[in-house]
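Let's take a walk through this protein together. Keep the sequence and the 3D view open side by side as you read.

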Amino acid sequence: MPASAHTRPVVRLERPNKIQLTGIILGVLAFLVPFVVDIPGLAPEGERMLSIFLLAIVFWVTEAIPLVATAVLVILFEVLLISSAALLPVGEQALGAKAYFAALADPVIILFLGGFLLADGAAKFGLDRNLAAVMLKPFQGSGRMTVLGLMGITAVLSMFMSNTATTATMFAVVIPILAVMSDAKARAGLALSIPVAANIGGMGTPVGTPPNAIALGALASHGIQISFLKWMMLAVPLMLIVLAIGWFVIVTFFIPKGTNLELALRSNFDRSAPARIYYVVAGLTVALWMTEPLHGINSNVVGFIPVAILLATQVMTGDDLKMLQWPVLWLVSGGIALGVGVGASGLDEWLLGSVNWTAMSVTGLIVVLAAMGLGMSNVISHSAAANLLIPLALGLGSAIALDIVQVGVIIALACSLGMSLPISTPPNAIAYATGEVPTKYMALIGVIVGLAGAVLLAFVMPWFWTTLGLL
């Protein structure tokens, strides 16, 4: 065998840019401060957890290193600094290292694993594109109705697939249309409709987007389990209203009345034996998720069923597992571990005790939480924003007798509303990369839709949830 067959591509380290270099320096300094400055009212392990928390904030905000790398560092430092296996003295109540490593196989991670495998199967057998083609046919002709159809189908797919994969799939449908449209503004509107719908659609189910999983994991650590169906009952009404607002704003600004759009739609469903098995397993999984109150099988357990069946039948293989979005799963794990550490070290009580939260009304607190989620998720990853905010928000809810389910859901949904910049979310980046969407248009729509969603989330949804007895 030629020697070249054993060679691998040379791996070259990328030099950090100025923002990343600044982030590395600031992150290291922030990490060291609690080690050299005594923090009044905070136990030694709490000070070390503060170091980890500050490092995570700086690294996630500046993306000094990859987001998933920061998540892994969080888990490692928690084991080394605040667990019962720590290198430095800790209190008798310290959790064992297993409690932090367990975040890598948290039940919510298993739920997401099942969701990711189903999403990859949909792409493997062409189910996503074929469904889009079939479901879009009734919306042909009128430009405004076509945009409505595109946004509706994108949102539905994003409820069960990665919003990044959904965006890529839908752009494969519309790019040929963009190429022949003469109106640049209408092209921008059509291109914008997809990421907006993908971001909004992800709010609808526990597997739709990482912030939802982070919230579920954090609530589970407080002994609260939310079923797949209950999450949908909480989130889908808001999702539908914000989706309608997004459609109205986009067609008002970009798609004149009388605009005609014809999509080249062809469906050719795979009828092979593996595809048929996949269809049955995917349908069964979604049905079990939706009927959890009837059969009592936890949605996390249901999420593992397709993994086992699809691998056992060889419909999906080890190569398919390699292609799953493992960095996202580990990023969510880091957020879960961060929440465990913040609570176990007493850092949450110390941070929350430094502000007189009781001086604010419940509505005021909810507005602050929604604003923080929306604001942070516009400038950093939605997952990173949720990782940082949800543990503290749940601690706040516990401290002042707020419904922590309401708190967790509000933060998670608010994080999905940040979509005003190309860097805000991968679907935005994909849309921007087409060259059809100027940043000013993305910012305009993102700000309007995000603010409208945040207002509904803060002032309407708590009343709605309470009225229906969901909370």
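Is Glu 63 buried, partly exposed or exposed? Glu 63 counts as partly exposed, because its relative accessibility is 39%. You'll find Glu 63 in the loop that runs between helix 2 (44–62) and helix 3 (67–81). Its backbone deserves a glance too: phi of Glu 63 is near 50 degrees, a positive value in a residue other than glycine. For context, most residues other than glycine have a negative phi. Gln 314 also has a positive phi, of about 65 degrees, although it is not a glycine. Gln 314 sits in the loop between helix 14 (299–312) and helix 15 (318–322), and at 64% relative accessibility it counts as exposed.

Now zoom out. Bear in mind that this is a predicted model. The protein is divided into domain 1 (17–101) and domain 2 (107–219 + 227–323). Taken over C-alpha atoms, the centres of domain 1 and domain 2 are separated by 36 Å.

Next, turn to the greasy parts. Val 28, Leu 32, Val 33, Phe 35, Val 36, Val 37, Leu 87 and Leu 88 make a nonpolar surface patch of about 710 Å². Take Val 33 from that patch: it belongs to helix 1 (residues 18–36) and is partly exposed, with a relative accessible area of 39%. Phe 35, one of the patch residues, also forms an aromatic cluster with Phe 31 and Phe 77.

Aromatic pairs come to nine in this model. One of them joins Phe 253 and Phe 254, a tilted pair with 6.3 Å from centre to centre and 50 degrees between the planes. The two rings sit in contrasting surroundings: Phe 253 counts as partly exposed at 38% relative accessibility, while Phe 254 is buried at 3%.

Phe 254 is also the last residue of helix 11 (residues 228–254), which holds Val 249. Val 249 is buried, with a relative accessible area of 8%. Leaving aside neighbours within four places in sequence, Val 249 is in contact with Ile 445 and Ile 448. Val 249 and Ile 445 are 196 residues apart in sequence, yet 7.2 Å apart in space, C-alpha to C-alpha.

Another buried residue is Asn 163, with a relative accessible area of 11%. Asn 163 lies in helix 8 (residues 163–180). Not counting residues up to four places away in sequence, Asn 163 touches Ser 158, Ala 198, Asn 199, Thr 209 and Pro 427.

Finally, the charges. How many salt bridges does the structure hold? There are three. Asp 320 pairs with Lys 124, with the closest N and O atoms 2.9 Å apart. Asp 320 lies in helix 15 and Lys 124 in helix 5 (residues 107–124), so this pair ties together parts that are 196 residues apart in sequence. Asp 320 is buried, with a relative accessible area of 10%, whereas Lys 124 counts as partly exposed at 41%.

Glu 436 and Arg 187 meet in a salt bridge of 2.8 Å, N to O. Glu 436 is in the loop between helix 21 (426–433) and helix 22 (439–467) and Arg 187 is in helix 9 (residues 184–201), so parts that are 249 residues apart in sequence are tied together. Arg 187 counts as buried at 16% relative accessibility.

The bridge between Lys 322 and Asp 319, at 3.6 Å between the closest N and O atoms, stays within helix 15, its partners three residues apart, about one turn of the helix. Lys 322 counts as exposed at 65% relative accessibility, and Asp 319 as partly exposed at 49%.

Technical notes: Residues numbered from 1 in each chain as written. Predicted model: local features only at pLDDT ≥ 70, side-chain atom pairs only at ≥ 80, totals over all residues. Heavy atoms only, no water. Domains from an automatic or database assignment. Phe/Tyr/Trp six-rings, centres within 6.5 Å; stacked < 30°, edge-to-face > 60°. Buried < 20%, exposed > 50% of the residue type's maximum accessible area, 1.4 Å probe, protein only. Helix = DSSP H or I, 4+ residues; strand = E, 2+ residues; numbered from the N terminus. Contact = heavy atoms within 4.5 Å. Patch = residues over 30% accessible without salt bridge, like charges linked within 9 Å, V, L, I, M, F, W, Y side chains within 5 Å. Areas by Shrake-Rupley, 256 points an atom, 1.4 Å probe, with all protein chains shown as cover. Salt bridge = Lys/Arg side-chain N within 4 Å of Asp/Glu carboxyl O.
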